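Please open the model in your viewer and keep the sequence panel beside it. The stops below are meant to be selected one after another.

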Amino acid sequence: MKADILKRLVQAHADGDDAGFRKAALQLAATEGNAGHTRIAEELRALIAQLPERRGGASFAPPELAAVDIAQPRGELGGLLTGGFRQERLRDVVLGGETKRLVERLLQENHHRAALESWGTPARRKLLFFGPPGCGKTLTASVIAGELGLPLMTVRFDGLFSRFLGATAGHLKVIFDEMPRRPAVYLFDEVDAMAKSRGDAQEVGEVRRVVTSFLQLLDADRSGSVVIAATNFESLLDRALFRRFDALVPFEMPDTKQLEGLLRLRLNAFVLPPRLLRALAAGALGMSFADSARACEDAIRTMILDQRRELTEEDLETAFAQARARVLMTGIAHGSAPGGATHAGSARGVVPTPASGSDASAAPSRTTGKHSRRSRKDTG
Ligand SMILES: Nc1ncnc2c1ncn2[C@@H]1O[C@H](COP(=O)(O)OP(=O)(O)OP(=O)(O)O)[C@@H](O)[C@H]1O
Ligand SMILES: [Mg+2]
């Protein structure tokens, strides 16, 4: 695998193919990253970011658009894409069984592209994420970018839809033109925004044109970049759109087990009795991952403002009760959270581990061990 990449690197250099060189170098960085050589991976990426565009005409790039910095788009692109390398990894997201298997499989395919392509089978890389709000679509796009060692380029809909309505399709083309030159994960987040302005007939016409050109560009795309579209209104997206994607990835409201996983993840700096986590998770049924994550943050804020270093069960119960009330008020509760009480047991304080903020393996509790977010600091 690495030998293949090195051959491609040398070949691209010999051909004066800057885009090919960049792509192979990024793949090399990704391979090193996956092998756990994170320092080397980061150094390679830093070097790639400094590569000058020496031969504008050598690749797919029209010369006027060729000089782009790998980390952050500039000029017209800067108004259309925001980007950068991501720290998120699989351990940072809790996914339902089917979704988890699919995401892992898609990552595996993209890690083994060369092997698949040698059999004439491409890795699936045009993905549609769909499901209710706050269930990890945007986060998972970051995870995919982080795991593949590619930058995440998020399309800015404010830039895409300028005051000049007719310009949108042109903007989309600029983005798709960029894909072969800048291997990355391109995220069309909340893609239904493309179909949201249905005010007058003229706008409907514009929206239709935009969706049509999105479909055509998606169809024609052979860039090798990963393209993710995310929506929580899958019913808005017509069937033609579904056909254009290699994989449809469903995201669902969490069950209690997944909520418990989220709590462990978000509260991993504290030693918590498992029974408390279970009770909080049971009470949080009907809340999204995002609602529950916010409640954890609320509890931690209370602790800090009270100048304590211990998170109490009361902090957590109050924060979750308030979160549940918010969810019920906004009418988006999907499950049942009867009564709202968590029966969390004793009022024993919940203490941060001395190792919090360092290594996951240093966390002493079964409830805190393997989900540490902090341990990512060595992944840069
Ligand atoms: N599956 C999950 N695992 C861990 N944390 C999650 C998960 N889903 C959501 N979160 C937390 O909630 C935040 C918001 O989630 P995210 O933006 O990914 O939701 P979304 O599905 O994209 O929602 P929307 O449809 O509103 O865009 C995340 O940054 C993370 O803190
Ligand atoms: Mg989102």
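Before the first selection, one cut-off is needed: a residue counts as buried if 20 or more other C-beta atoms lie within 10 Å of its own, as exposed if 12 or fewer do, and as partly exposed in between. Keep in mind throughout that this is a predicted model.

Start with Gln307, which you will find in the loop between H15 and helix H16 (313-329). Is Gln307 buried or exposed? It has 6 C-beta neighbours inside 10 Å, and therefore Gln307 counts as exposed. Its backbone also deserves a look, since Gln307 has a positive phi of about 55° although it is not a glycine. As a rule, most residues other than glycine have a negative phi.

Next select Glu190, in the loop between S4 and helix H11 (201-220). Glu190 is another residue that is not a glycine and yet has a positive phi, here of about 50°. Its surroundings hold 18 other C-beta atoms within 10 Å, so Glu190 is classed as partly exposed.

From that loop, step back into strand S4 (residues 185-188) and select Phe188, which belongs to this strand. Phe188 counts as buried because it has 24 C-beta neighbours inside 10 Å. If residues up to four places away in sequence are left aside, Phe188 touches Val155 and Ala229. Now draw a distance from Phe188 to Ala141: although their positions lie 47 residues apart along the chain, their C-alpha atoms are separated by 10.0 Å.

Ala141 itself is the next stop, and it is found in helix H8. With 25 C-beta neighbours inside 10 Å, Ala141 is likewise counted as buried. Which residues does Ala141 touch, not counting those up to four places away in sequence? They are Leu152, Val185, Leu187, Ile228 and Ala230. For Leu152, which is eleven residues from Ala141 along the chain, the separation of the C-alpha atoms is 7.7 Å.

Stay with helix H8 (137-148) and bring ligand 1 into view, because H8 and helix H15 (289-305) each supply at least two residues of the shell around it. That shell consists of 18 residues, of which Pro133, Gly136, Leu139, Phe289 and Ala290 are the closest to ligand 1. Colouring the shell by class gives twelve nonpolar, four polar and two charged residues. If you colour by domain instead, you will see at least three shell residues from domain 2 (84-253 + 345-356) and at least three from domain 3 (256-330).

Two helices remain to be inspected along their axes. In helix H10 (residues 168-178), select the buried residues Thr168, His171, Leu172, Ile175, Phe176 and Glu178. These cover an arc of only 155° around the axis, which means that they lie on the same side of H10.

Then move to helix H3 (residues 38-49), whose twelve residues reach 16 Å from the first C-alpha to the last, close to the 16 Å expected at 1.5 Å a residue. Its buried residues are Ala41, Leu44 and Arg45. They cover an arc of only 100° around the axis, and so they are on the same side of H3. Show helix H2 (18-34) as well, since the buried residues of H3 pack against it.

Finally, zoom out to the whole protein, which has 16 helices and six strands. Of its 380 residues, 38% are buried. Among contacts between residues at least 6 apart in sequence, 74% join residues at least 24 apart.

Definitions and conventions
Residues are numbered from 1 along each chain as its sequence is written. Chains are lettered from A and ligands numbered from 1 in the order in which they are written. This is a predicted model: local features need pLDDT of at least 70, side-chain atom pairs count only at pLDDT 80 or more; totals for chains, interfaces and linings use all residues. Helices (H or I, at least four residues) and strands (E, at least two) are DSSP runs, numbered from the N terminus. The expected span of a helix is 1.5 Å times one less than its number of residues. The arc is that of the directions from the helix axis to the C-beta atoms. Two residues are in contact if their C-beta atoms, placed from the backbone, lie within 7 Å. A residue is near a molecule or strand if its C-beta atom, placed from the backbone, lies within 6 Å of it. Ala, Val, Leu, Ile, Met, Phe, Trp, Tyr, Cys and Pro count as nonpolar, Asp, Glu, Lys and Arg as charged, and the others, Gly among them, as polar. Domain bounds come from an automatic or database domain assignment.
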